[in-house]
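Trainee: Pick one spot in this model and take me through it closely, please. Once that's clear, I'd like to know what sits around it and how it compares with the protein as a whole.

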Amino acid sequence: MLLVFIYNEKEIKEIDKKATEQGMTMYMLMENAGRGLYEKIKKKVSKQDNIVILSGTGNNGGDGIVLARLLKENGYQVLLTFPLGKPATDIAIRHLAYYEEQGFKVSMFDYYQSYDVIIDSLIGISLNRSPNKFLTELLSWSNRSNALKIAIDLPTGVSADSGEVVQAFKADLTISLHGVKPSAYLVDTARYFGEIEVVDIGIKQTSLKKVVEESDVKESLPERPSHGHKGTFGTSLLIAGSKEMPGSAALSSIGAIRTGTGRLTVATEESVISAIVTHVPEATFKLIDQPINLLKYDALAIGPGISESRQTGKIIKESLKSELPIIIDASALHSFKEWLYEVKTFKSPVIITPHPGEFSMMTGYSITNIMKDTIELASEYATINKLIVVLKGEHTVIAFPDGMVRVNTTGNSSLAKGGTGDVLTGMILSMVSFYKDINQAVINAVYIHGLAAELWSEKYSKATMTASDFNLLLPQVLKRLEK
């Protein structure tokens, strides 16, 4: 299985430049891209299909020219057309000349013709403006069609990097070259990509950004040796819950105990304990106002359902001095100004789990801007502040201090319920408490959390799932992933 790496527009252009410096010509790169596209597309279409390739004037159009030649050479019914004008780049012009030397012709674009397959090879990553009137009409014509719609690299009208769109080709399948562009995972633009596949064009992968793969999760699940005991699998401390929100502590406790931690202690208000015991009788308890010996624990999570009046900043700063891994969520994030400087000066691994509203509060960016540039903004915040950011959303972004980013694609609207984030906090706490690799613990928790929602929707309506259903879903998901 081809790993899915993520590259922005600037990175792709730098890769092309380095490839040419190392002796690989742009002509050969375009040929490789076209051959990779052909190998993917021949599995999706038949020789009886009426196929049209809408090629543009740039190198994305050149990829379409190579694809058209290979389809024709192998007996497919394909029309190559240039609705925006003939190629303008030297490489695309050379490939068009070779196409015509083989005896193949270019067709005039016809709005009144119907097709079984429409292939968008118009603009690619070079879009630097909103579509003009003619292009808007062309995209509308494509989107109205019942044809199978395939985009090369990314749908025309979608920027490579930004989650902002006016009008775009709505693909059923996008075949990306070398790597997927960030807009494939941003809220307003993700829906234009459809299914995503990647073509290897013969260049080494160098990106630190990548999509979480199930194979990575499966391979990294820790073995649970038969001689292990409860201390082997981590001792977790959860500071959560208040008389106003006792359920948050209960849900976080479910997430922790169901994902493998050996021992769970919950520090909370006395009135909350009974709510937790009903769901997680395995937990032990401390009252929140009692002294806590942090040296007894392998990881700490703080935030779900707590009162902001509890001087959470002070608790967090004390934990940072202990070098204990700490997960900061929900209400505890609101005290970030009190402890953010401390994060940079102590060795404690720190994981924050904001949703876009909380991230907006912490960064000063508007929610709109966060949704347009989620990956870059999360990565920037993680590297500057030396912490792990789990920015929750349709595609949760996990950003690390060293610049590594993972985008999670599991999950669905089943998770759009109060309390599901509390469960995730407990899961991260649990896995961090006994994994040797903290980064992988966070990645796995996010992936498994989303996979549980997918498992639910295999049998039931997405609207009916509640956060407490994780109590039954997590054992099933983990069993599915175990070697």
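Mentor: Let's settle one word before anything else: a residue is buried when its relative accessible area is under 20%, exposed when that is over 50%, and partly exposed in between, using a 1.4 Å probe and the protein chains only. What you have here is a predicted model, where local features need pLDDT of at least 70 and side-chain atom pairs count only at pLDDT 80 or more, while totals for chains, interfaces and linings use all residues. Residues are numbered from 1 along each chain as its sequence is written, and side-chain values use heavy atoms, with hydrogens and water left out.

My pick is Ser319, which belongs to helix 9, residues 312–321 (helices are DSSP runs of H or I with at least four residues, strands are runs of E with at least two, and both are numbered from the N terminus). Ser319 has 0% relative accessibility, so it counts as buried. As for its company, leave out anything up to four places away in sequence and Ser319 touches Leu294, Leu300, Leu324, Ile326 and Ser348; contact here means heavy atoms within 4.5 Å. So that list holds three leucines, an isoleucine and another serine.

Now set Ser207 beside it. Ser207 sits in a loop, the one between strand 6 (195–199) and strand 7 (209–211). Ser207 is at 13% relative accessibility, so this loop residue counts as buried too. With residues up to four places away in sequence set aside, Ser207 touches Phe5, Ile6 and Tyr7. Its C-alpha atom is also 9.9 Å from that of Ile12, although 195 residues separate the two along the chain.

Zooming out, contacts between residues far apart in sequence show up across the protein: of the contacts with a separation of 6 or more, 71% join residues 24 or more positions apart. Buried residues make up 56% of the 483 in the protein, and both serines are in that group. The fold has 16 helices and 16 strands, and helix 9 is one of those helices.

For overall dimensions, the C-alpha trace spans about 85 × 45 × 45 Å along its principal axes. The radius of gyration is 26 Å, which agrees with the value near 23 Å for a compact globule of 483 residues (it is taken over C-alpha atoms, and the globule rule is 2.2 Å times the number of residues to the power 0.38).
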